[in-house]
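Hi,

Here is the structure I promised to pass on to you. Have a look at it first, and then read my notes below.

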Amino acid sequence: MTPTILDIVVWPDKRLHQQCDTVTNFDTEFLEPLSNDMIATMDHRLGIGLAAPQIGKNIQMIVMFTEFKDEVAVNPITMINPCITSSSDELFEWDEGCLSVPGYYEFRKRPKSVVVEYNTIHGDFHTIELTDLWAFVVQHEIEHLAGYLFIDDLSPFKKSRIQKKINKTQKRNR
Ligand code: ZN
């Protein structure tokens, strides 16, 4: 089945600020096509990570790439109920952005390596260690599942600037 490119929920939509539900029923007939659609959508929008609330699904599910090959992001994985179990003291800096906050980037530091426990779409239990950019991405995506965005702690002034910029881009794309 050809995957569907899904619409991205754009900030300040309130669906981005909800705690997502834990997945307890590993219904692959639902989760597998959703996983494929999310990966295709992430790839199509040139993202390297995407969380379920960003496509309007209020569940603990993320997809992300895990490697670059010839400067192209490859090897996507899907994580259900992801949870960070340890993180390094050493930090990694990256120009953070988000498909739900188009056009806004900000340099931020996050732990350079993390261990993440998660379920596959079949309910199997996996552990993965991610470093550098990929550790950064998984932390960003897991925050989405708690209803948190990387711009949440900015000043109201900065947020209104971002909002204006987004409005302009959305108009241009219409
Ligand atoms: Zn994001």
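How are the donor residues of the zinc ion spaced in sequence? The pattern is C-x41-H-x3-H. Please keep in mind that this is a predicted model.

**The zinc site**

The protein donors are the SG atom of Cys98 and the NE2 atoms of His140 and His144, and they lie 2.0 to 2.3 Å from the zinc ion. His140 and His144 are about one helical turn apart, because they sit four residues from each other in helix α2 (residues 132-145). Both histidines fall under the 20% cut-off for buried residues: His140 has a relative accessibility of 8%, and His144 has 1%.

**Tyr104 and its surroundings**

One of the zinc donors, Cys98, is also among the residues in contact with Tyr104. Tyr104 is in the loop between β6 (91-96) and β7. With a relative accessible area of 13%, Tyr104 is buried. Leaving aside neighbours within four places in sequence, its other contacts are Glu96, Gly97, Phe150, Ile151, Leu154, Lys158 and Ile162.

**Arg108**

Moving on to strand β7 (residues 106-111), we find Arg108 there. Is Arg108 buried or exposed? At 19% relative accessibility it counts as buried, since the cut-off is under 20%. The Arg108 side chain makes a polar contact of 2.9 Å with the side chain of Glu106. Not counting residues up to four places away in sequence, Arg108 touches Phe92, Glu93, Trp94, Glu96, Phe136, Phe150, Asp153 and Leu154. Glu96, Phe150 and Leu154 are also in contact with Tyr104.

**Helix α1**

Helix α1 covers residues 28-44, which makes 17 residues. From its first C-alpha to its last it reaches 23 Å, close to the 24 Å expected at 1.5 Å a residue. At the N-terminal end of α1, Asp27 acts as a cap, with a side-chain oxygen 3.1 Å from the backbone nitrogen of Glu29. Just after the helix, Leu46 takes a positive phi of about 60 degrees.

Which residues of α1 are buried? They are Leu31, Leu34, Ser35, Asp37, Met38, Ile39, Ala40, Thr41 and Met42. These buried residues pack against β1 (49-51), β2 (61-64) and β5 (77-87). To relate this helix to the loop described above, the C-alpha atoms of Ile39 and Tyr104 are separated by 22 Å, with the two residues 65 apart along the chain.

Best wishes

How values were computed. Residues numbered from 1 in each chain as written. Predicted model: local features only at pLDDT ≥ 70, side-chain atom pairs only at ≥ 80, totals over all residues. Heavy atoms only, no water. Donors = N, O, S within 2.8 Å, 3.2 Å for Na, K, Ca; no water. Helix = DSSP H or I, 4+ residues; strand = E, 2+ residues; numbered from the N terminus. Buried < 20%, exposed > 50% of the residue type's maximum accessible area, 1.4 Å probe, protein only. Polar contact = N/O pair within 3.5 Å; in protein donor to acceptor, adjacent residues only side chain to side chain. Contact = heavy atoms within 4.5 Å. Expected span 1.5 Å × (residues − 1).
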